[in-house]
Amino acid sequence: MSQTDRTVKQTRTRPLRIALLGCGVVGTAVARLLTDNAGDLTARIGCPLEIVGVAVRRPDKNRSETGVDASLFTTDAEELVTRADVVIEVIGGIEPARSLILAAMKHGASVVTANKALLAEDGPRLYQAAQECDVDLYYEASVAGAIPLLRPLRESLVGDDVRRILGIVNGTTNYVLDKMDTTGAGFGDAVEQAQALGYAEADPTADVEGFDAAAKAAILASLAFHTRVGAKDVYREGITDVSAADIRAAREMDCVVKLLAICERIPSSGGGDSKGGGDSKGGGDSKAGNDSAGGISVRVHPAMIPRTHPLAGVREAFNAVFVEAESAGQLMFYGQGAGGDPTASAILGDVVAVARHKVVGGRGPGESTYQELPILSMGQAMTRYHISLDVADRPGVLAQVALAFAEHNVSIETVRQQLLSPDPDSPDEGRASLVVVTHTASDAALSATVDALAALSTVRAVTSVMRVEGE
Ligand code: NDP
Ligand code: HSE
């Protein structure tokens with residue numbers, strides 16, 4: 001663009017037209033910030049913004065706190081996106097959000113969205129549409145609320161090689177686990193509190209079953225490893241099976257339980273890794289991975305972490321993400337991961353960025369997937385287990401348990417035995433609790449060991465199994 005073009009565009013008098021799709025927890029905060037901060041936003045962009053409509057399901061609901069004229073609320077989102085320069089999508093879910101975003105782009109609008117579910121389900125189609133329509137697609141708010149994380153990955157760290165991302169990326173589950181640990185709150189009560197505070201998704205199953213964190217992990221891994229990773233590629237376990245016994249077991253180990261998102265590059269067993277190499281996803285079985293190829297592992301599951309680890313101190317609905325890159329070393333991002341205002345902050349940042357492009361020309365970075373690394377199965381992930389067993393207290397039991405580990409090539413790091421009071425149903429039999437923490441092994445070997453332990457006649461029950469991370 002020539003200097004003359006730039007000057008002409010910068011002095012445009014027509015405001016940039018903003019269409020807001022959705023006015024719930026996040027949309028309400030976005031609308032309010034757009035109206036309250038209009039003067040500063042104009043100065044920062046070089047052009048005023050004008051809200052031309054807000055699409056909702058219930059147009060007659062009182063939304064005076066937004067500061068938006070009541071006549072601008074509409075149920076006709078399809079029409080609204082045809083007359084905007086920038087569309088902010090905060091409806092959530094797959095449809096109609098996807099069709100509206102695609103239609104908006106077709107009409108020349110840049111799009112800002114917080115919709116991780118849609119990006120993880122069908123991101124490539126949206127990135128391609130943005131490219132074809134020569135518009136921006138920004139989505140900072142889709143992962144970790146207010147925390148600037150995607151732009152650092154997409155831009156600041158793009159000259160480096162990211163090795164690992166380890167983080168708490170779901171506020172609701174962190175809130176629930178924190179309350180269970182610190183106040184002894186029940187699971188259901190803690191979820192209700194998170195919903196009331198506006199952290200949870202419309203259907204909190206997405207949070208507690210780990211779908212929300214898995215979608216975020218897919219977005220992070222795609223950006224970090226220049227490889228397409230979708231929600232279906234992410235191994236996922238939520239927190240609904242985390243029991244009071246698990247929380248207690250963690251406390252006894254001086255650990256806390258957190259729902260973690262882990263994205264890591266696994267070198268090939270030959271020593272190098274398969275970066276840019278021949279293990280493309282298109283090649284036969286490579287997506288399922290194989291032991292020697294190397295690739296990336298993307299997973300979401302609860303794990304124990306030591307109380308001394310910085311992630312253990314992440315309380316309430318806060319999020320925190322460690323990024324480890326080849327040259328940068330370790331970086332930590334921390335802040336509010338959910339809620340209306342924090343999420344709106346990230347959205348407004350994106351709005352300013354795409355609006356500036358509308359004023360002076362140019363576009364932000366598009367999708368980068370040139371590495372096409374294979375995505376490994378959960379069985380190939382390397383991790384450690386904490387296993388609590390209720391066993392018969394008789395000679396040879398410890399030896400049997402140790403043999404089950406040895407047969408699966410899993411090395412034991414620590415064992416702790418404690419006598420338990422006899423079971424009222426078999427008062428003559430001695431009982432003990434055995435707590436075993438392993439060294440690192442493949443998840444497949446660890447999981448097979450647990451199956452073998454459960455099948456031992458001397459093991460009365462496997463009372464808690466949890467992965468251990470953060471060392
Ligand atoms: P809400 O459920 O609070 O709000 C959804 C909004 O979309 C409502 O205003 C609703 O209208 C409107 N809506 C629903 N369906 C339609 C439709 N078919 N046409 C027009 N409008 C519709 O969701 P949130 O604000 O919590 O979340 C929005 C997005 O932001 C989601 O993608 C979510 O994942 C993401 N996000 C949320 C965060 C949070 O902390 N809540 C944090 C980060 C991201 P009405 O008001 O009339 O019901
Ligand atoms: N439901 C999500 C959470 C909102 O609890 O983290 C932020 O993406």
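**Definitions and conventions.** A residue is called buried under 20% relative accessible area, exposed over 50% and partly exposed in between, as judged with a 1.4 Å probe and with protein chains only. The structure is a predicted model, in which local features need pLDDT of at least 70 and side-chain atom pairs count only at pLDDT 80 or more, while totals for chains, interfaces and linings use all residues. Residues are numbered from 1 along each chain as its sequence is written, chains are lettered from A and ligands numbered from 1 in the order in which they are written, and side-chain values use heavy atoms, with hydrogens and water left out.

**View 1. Glu-429 in the loop between strands E14 and E15**. Strand E14 spans 412-420 and strand E15 spans 431-438, strands being DSSP runs of E with at least two residues and helices runs of H or I with at least four, both numbered from the N terminus. Because its relative accessibility is 27%, Glu-429 counts as partly exposed. The C-alpha atom of Glu-429 is separated by 51 Å from that of Gly-198, a residue 231 positions away along the chain.

**View 2. The surroundings of ligand 1.** The shell around ligand 1 holds 24 residues, of which Cys-23, Val-26, Arg-58, Glu-201 and Gly-339 come nearest; a residue is near a molecule if one of its heavy atoms lies within 4 Å of it. By class, this shell divides into 12 nonpolar, 7 polar and 5 charged residues, where Ala, Val, Leu, Ile, Met, Phe, Trp, Tyr, Cys and Pro count as nonpolar, Asp, Glu, Lys and Arg as charged, and the others, Gly among them, as polar. Domain 1 (3-147 + 341-360) and domain 2 (150-335 + 372-378) both contribute residues to the shell, so ligand 1 lies between them; the domain bounds come from an automatic or database domain assignment.

**View 3. Atom pairs between the protein and ligand 1.** Polar side-chain atoms of Arg-57 and Lys-116 lie 2.9 Å and 3.0 Å, respectively, from an oxygen atom of ligand 1, whereas for Arg-58 a backbone N or O atom lies 2.8 Å from a ligand oxygen. On its own, ligand 1 has 900 Å² of accessible area, and the protein covers 87% of it; such areas come from the Shrake-Rupley method with a 1.4 Å probe.

**View 4. Ligand 2 and its polar partners.** Among the residues that surround ligand 2 are Lys-116, Asn-170, Thr-172, Asp-207, Asp-212 and Lys-216. An oxygen atom of ligand 2 is 2.5 Å from a side-chain N or O atom of Lys-116, and an oxygen atom of the ligand is 2.6 Å from such an atom in Thr-172, while a polar side-chain atom of Asn-170 lies 3.5 Å from a ligand oxygen. The protein covers 94% of the 260 Å² of accessible area that ligand 2 has on its own, and helix H8 (171-182) and helix H11 (211-225) are the elements that give two or more residues to its shell. That shell divides into 3 nonpolar, 4 polar and 5 charged residues.

**View 5. Backbone features in three loops.** A cis peptide bond, with omega of about 10°, joins Glu-95 and Pro-96, and Pro-96 is placed in the loop between strand E4 (86-89) and helix H5 (97-106). Asp-254, although not a glycine, has a positive phi of about 60°; Asp-254 sits in the loop between helix H12 (244-252) and strand E9 (255-266) and, at 49% relative accessibility, counts as partly exposed. Asn-409 also has a positive phi, near 60°, in the loop between helix H14 (397-407) and E14, and Asn-409 is exposed, with a relative accessible area of 69%.

How values were computed: Polar contact = N/O pair within 3.5 Å; in protein donor to acceptor, adjacent residues only side chain to side chain.
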